[in-house]
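Could you walk me through this structure step by step, as if I were seeing it for the first time? A friendly tour in plain paragraphs would be ideal.

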Amino acid sequence: MGSLVVRRGVTRGWWLALGARARPEDAGFGIEAAFSGGSRAGRATWGLRVLTPAFPCGAEPWVRRLQSGPVEPRSPESTAPPEGVGGGQRGFPDAGPSVSGRQPQPGGGRKELAHVLRAAVVERRGPLVTLNKPQGLPVTGKPGEVTLLSVLPELSQSLGLRQQELQVVRAPGKESSGLVLLSSCPQTASRLQKFFIHSRRAHRPTATYWAVTNGIPPASEGQICAALTLQHISGVNVVVPVKSPSRRDILEGVKRTLSHFRVMATGSECALIQLQPLTAFSSQLQVHMMLQLCPVLGDHTYSACVGSVLGQRFLLPAESTKPQRQALDDPLLRRLRLTPAQAAQLPLHLHLHCLLLPGSRPTDAPIELQAPLPQYFSRTLQCLGLCQE
């Protein structure tokens, strides 16, 4: 299996790049966001403040209407910049994961999606627009498909941006939810993209994800190092760990990847984990948690690589393990109030919660952008009793 190293006692925080210096800032646990348009409601729970998004009942049903056909394993998604349970009487009645897509009728689907994304806007700062992407919405796709990129002209018009069209600066992959950073100024977009590249090369985290995992990592905090490559297995492109990669492997596409993790809460043999990717590779965070024997809840691609005998977990060879729907044990199903069939449709619980941007001047403190959790994610935290430690 992949080469895995967990380092304890890693310093958390963020340092301003591009020649500027600032004190480290911790991503924190609380959720706070200012909505532009739409209603805003808050409630205190588990020691944090959760702001209910203005779109939970609008975005996820839109994603459901893109679904049809048989359930297929998900292809890996990129966590780099271009980078929900349906039905049932209980569980997650208003959320649906996107596992296979068909396109809405031309025109209507784009207009509906633009309306959904307009309601999902979290904040506007000058030329920057941040929105909270619903799980299952792809950022890019084939020509003719309805994606985030395909509706940027309509979204720009609805936001009153007539001179410059929005472009994507940073976004999570299709199966992840969370912050999308857009800019109507090409120069600002270029500056921020260079900043993200510079920070990544220096292994300075700028993105913070939250994940709910099926299992608890052995260490409360550390770094996960693994060499990864992309392979085509059983008709699906999957990411496979590579043990002790050679120089030739590196030249042929194997990449050494690194993520920082911190366990924020545990309960019901599950964990709420803060993840900060320090490199960019397709499905990096999902594979890293799989290597920790703690697959992300709703990961229907890599959870099959974690086997269990008499309560002891172990890794199965990723290169010979066919992706399949995540199977949850009976106690966890009862805590989540789900049937096995509903659990097989569980959305991926991986949310881009926070992005850190450089200040407008070198002496300015970094700017922190945050996105509230999806409704299904908050419900899972409540069901599992995952509270801040």
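What volume does the second largest pocket have? In this predicted model, the second largest pocket has a volume of about 400 Å³. Its lining is made by 22 residues, and those nearest its centre are Asn214, Arg313, Ala327, Leu328 and Asp329. If you would like to find the walls by secondary structure, look for strand E13 (306-309) and helix H7 (330-336), each of which supplies at least two residues of the lining. A general idea helps here: rolling a probe the size of a water molecule over the atoms shows where empty space is left.

Let us turn to the surface. Val309, Leu310 and Phe314 make a nonpolar surface patch of about 340 Å². One of these residues, phenylalanine 314, belongs to strand E14, which covers residues 312-315. Is phenylalanine 314 buried or partly exposed? Phenylalanine 314 counts as partly exposed because its relative accessibility is 34%, and the partly exposed range lies between 20% and 50%.

Next comes a strand with several partners. Strand E15 spans residues 350-357, and eight of its eight residues are buried. Which strands does E15 pair with? Begin with strand E7 (residues 177-183), which pairs with E15 in the parallel sense over two bridges. Here you can find serine 177 opposite histidine 351 of E15. Strand E8 (residues 207-214) runs antiparallel to E15, and five bridges join these two strands. Tyrosine 209 has leucine 352 in E15 as its bridge partner. There is also strand E16 (residues 367-370), which pairs with E15 in the antiparallel sense over four bridges. In that pairing, leucine 355 is matched with leucine 369 of E16.

Another strand worth following is E11, which runs over residues 255-267. Why can E11 be called largely enclosed by the rest of the structure? The reason is that 10 of its 13 residues are buried. Strand E9 (residues 221-233) is joined to E11 by eight bridges, and the two run antiparallel. To see them face each other, look for alanine 226, which stands opposite threonine 257 in E11. E11 is also joined to strand E12 (residues 270-277), again by eight bridges and in an antiparallel arrangement. There, histidine 260 stands opposite glutamine 276 in E12. E11 and E12 form a hairpin with two residues between the strands, and serine 268 takes a positive phi near 55° in this hairpin.

Stay with E9 for a moment, since alanine 227 has its place there. Alanine 227 counts as buried because its relative accessibility is 4%, and buried means under 20%. Follow the chain from alanine 227 to valine 240: they are 13 residues apart in sequence, while their C-alpha atoms are 8.5 Å apart in space.

The tour ends at a helix. Helix H9 takes in residues 375-384 and is mostly covered, with eight of its 10 residues buried. Which residues of H9 are buried? They are Tyr376, Phe377, Ser378, Arg379, Thr380, Leu381, Cys383 and Leu384. After H9 comes glycine 385, which has a positive phi near 65°.

Terms used. Residues are numbered from 1 along each chain as its sequence is written. This is a predicted model: local features need pLDDT of at least 70, side-chain atom pairs count only at pLDDT 80 or more; totals for chains, interfaces and linings use all residues. Side-chain values use heavy atoms; hydrogens and water are left out. Buried means under 20% relative accessible area, exposed over 50%, partly exposed in between (1.4 Å probe, protein chains only). Patches are made of residues with over 30% relative accessible area and no salt bridge: like charges are joined within 9 Å, nonpolar side chains (Val, Leu, Ile, Met, Phe, Trp, Tyr) within 5 Å. Accessible areas come from the Shrake-Rupley method with a 1.4 Å probe; for residues, only the protein chains shown count as cover. A salt bridge is a side-chain nitrogen of Lys or Arg within 4 Å of a carboxyl oxygen of Asp or Glu. Two strands pair if DSSP finds at least two bridges between them. On a 1 Å grid over the protein atoms alone, a cavity is a set of points where a 1.4 Å probe fits but cannot get out, and a pocket is an open set with protein on both sides within 12 Å along at least five of seven lines; lining residues have an atom within 4 Å of a point. Grid points are joined across faces, edges and corners, and a volume is the space filled by probe spheres set on the points.
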